[in-house]
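Student: I'd like to learn how to read a structure like a tutorial, feature by feature. Can you walk me through one?
Tutor: Sure, let's put it on screen and start with the metal.

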Amino acid sequence: MQELLIDELKDLYSAEKQIVRALPKIAKAASSPELQEALLGHLEETKGQVVRLEKIGEIVGKKLTGKTCVGMKGVLEEGSEVLEDTDKGVVRDAALISACQRVEHYEMAGYGSAREFAKLLGQTEVAALLDETLSEEKNADKKLSAISKQVNAEAKRQG
Ligand SMILES: [Fe+2]
């Protein structure tokens, strides 16, 4: 079980690093100032999540490097397809939100599982840190849902 937890943590570490690399480009491609601000805000938050995972790595006494989260790689690749398939504008924004919410949900699943593993293993500090990030991901997802209401309505108006 401990091994499974470490494996999940490595996966999340790789996923967060990939997101830090991808978000600036995605934010730049957005037209809505609210969306851009939300994405850049989440970029900063994500950098904090990387640091938090490094702290968790110190607690469990393992380096979290050396693994590639293939799932997140795929989710982000789909996100960059949006940039190829759409022109800058509100329809692209709607597609970007959809892609980013996939990222958040993928992360929520990973952090939720890892937190439960940590709890089960009696590693309360690790569980609490994972829960902090899980809350941030949930908030980011909610924020995107809120922004999508306006963006989708506008995209519909434009046909
Ligand atoms: Fe994250």
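Student: What spacing do the donors of the iron ion follow along the chain?
Tutor: Keep in mind as we go that this is a predicted model. The spacing of the iron donors along the chain is E-x32-Q-x57-E-x29-E.

Student: Which residues coordinate the iron ion, and at what distances?
Tutor: Glu 16 appears twice through OE, and Gln 49 (OE1), Glu 107 (OE) and Glu 137 (OE) join in, at 2.1 to 2.5 Å. A donor here has to sit within 2.8 Å of the metal, and water is not among the atoms, so a site may look incomplete. Glu 107 and Glu 137 link distant parts of the chain: Glu 107 is in helix H4 (residues 90-120), Glu 137 is in helix H5 (residues 124-157), and they are 30 residues apart.

Student: Are Glu 107 and Glu 137 buried or exposed?
Tutor: Both Glu 107 and Glu 137 are buried. The cut-off for that word is under 20% relative accessible area.

Student: Okay, zooming out. How many helices and strands does the protein have?
Tutor: Count the elements, then read their order. You get five helices and zero strands, and along the sequence the pattern runs α-α-α-α-α.

Student: What does the radius of gyration say about the overall form?
Tutor: The idea is to set it beside what a compact globule of that length would have. For 159 residues that would be near 15 Å, and the protein has 16 Å, which agrees. For another view, the C-alpha trace spans about 55 × 25 × 20 Å along its principal axes.

Student: What share of the residues is buried?
Tutor: Of the 159 residues, 48% count as buried. As for the outside, the protein exposes about 8500 Å², with carbon and sulfur atoms supplying 52% of it.

Student: And how do I read the contacts across the sequence?
Tutor: Take contacts between residues at least 6 apart in sequence, and ask what share joins residues at least 24 apart. In this protein it's 81%.

Student: How many positive and negative side chains are there?
Tutor: There are 23 positive and 28 negative ones, and the centres of the two sets lie 1 Å apart.

Student: Let's try single residues. Why does Tyr 13 count as buried?
Tutor: Look at its relative accessibility: Tyr 13 counts as buried because that value is 6%. Tyr 13 is placed in helix H1 (residues 2-29). Leaving out residues up to four places away in sequence, Tyr 13 touches Val 50, Leu 53, Glu 54, Leu 64 and Thr 65.

Student: Where is Leu 23, and what does it touch?
Tutor: Leu 23 also has its place in helix H1. With a relative accessible area of 6%, Leu 23 is buried. Using that sequence filter of up to four places, Leu 23 has Leu 39, His 42, Leu 43 and Thr 46 as contacts. To compare sequence and space, pair Leu 23 with Lys 138: they are 115 residues apart along the chain, and their C-alpha atoms are separated by 17 Å.

Student: One last residue: is Gly 110 buried or exposed?
Tutor: Gly 110 is buried, at 13% relative accessible area, and belongs to helix H4. Beyond residues up to four places away in sequence, Gly 110 touches Glu 8 and Leu 12. Its C-alpha lies 9.8 Å from that of Leu 130, with the two residues 20 apart along the chain.

Methods
Residues are numbered from 1 along each chain as its sequence is written. This is a predicted model: local features need pLDDT of at least 70, side-chain atom pairs count only at pLDDT 80 or more; totals for chains, interfaces and linings use all residues. Side-chain values use heavy atoms; hydrogens and water are left out. Donors are N, O and S atoms within 2.8 Å of the metal (3.2 Å for Na, K and Ca); water is not among the atoms, so sites may look incomplete. Helices (H or I, at least four residues) and strands (E, at least two) are DSSP runs, numbered from the N terminus. Buried means under 20% relative accessible area, exposed over 50%, partly exposed in between (1.4 Å probe, protein chains only). The radius of gyration is taken over C-alpha atoms; the globule rule is 2.2 Å times the number of residues to the power 0.38. Contact means heavy atoms within 4.5 Å. Accessible areas come from the Shrake-Rupley method with a 1.4 Å probe; for residues, only the protein chains shown count as cover. Lys and Arg count as positive and Asp and Glu as negative; His and the chain ends are not counted. The place of a charge is taken as NZ of Lys, CZ of Arg, CG of Asp or CD of Glu.
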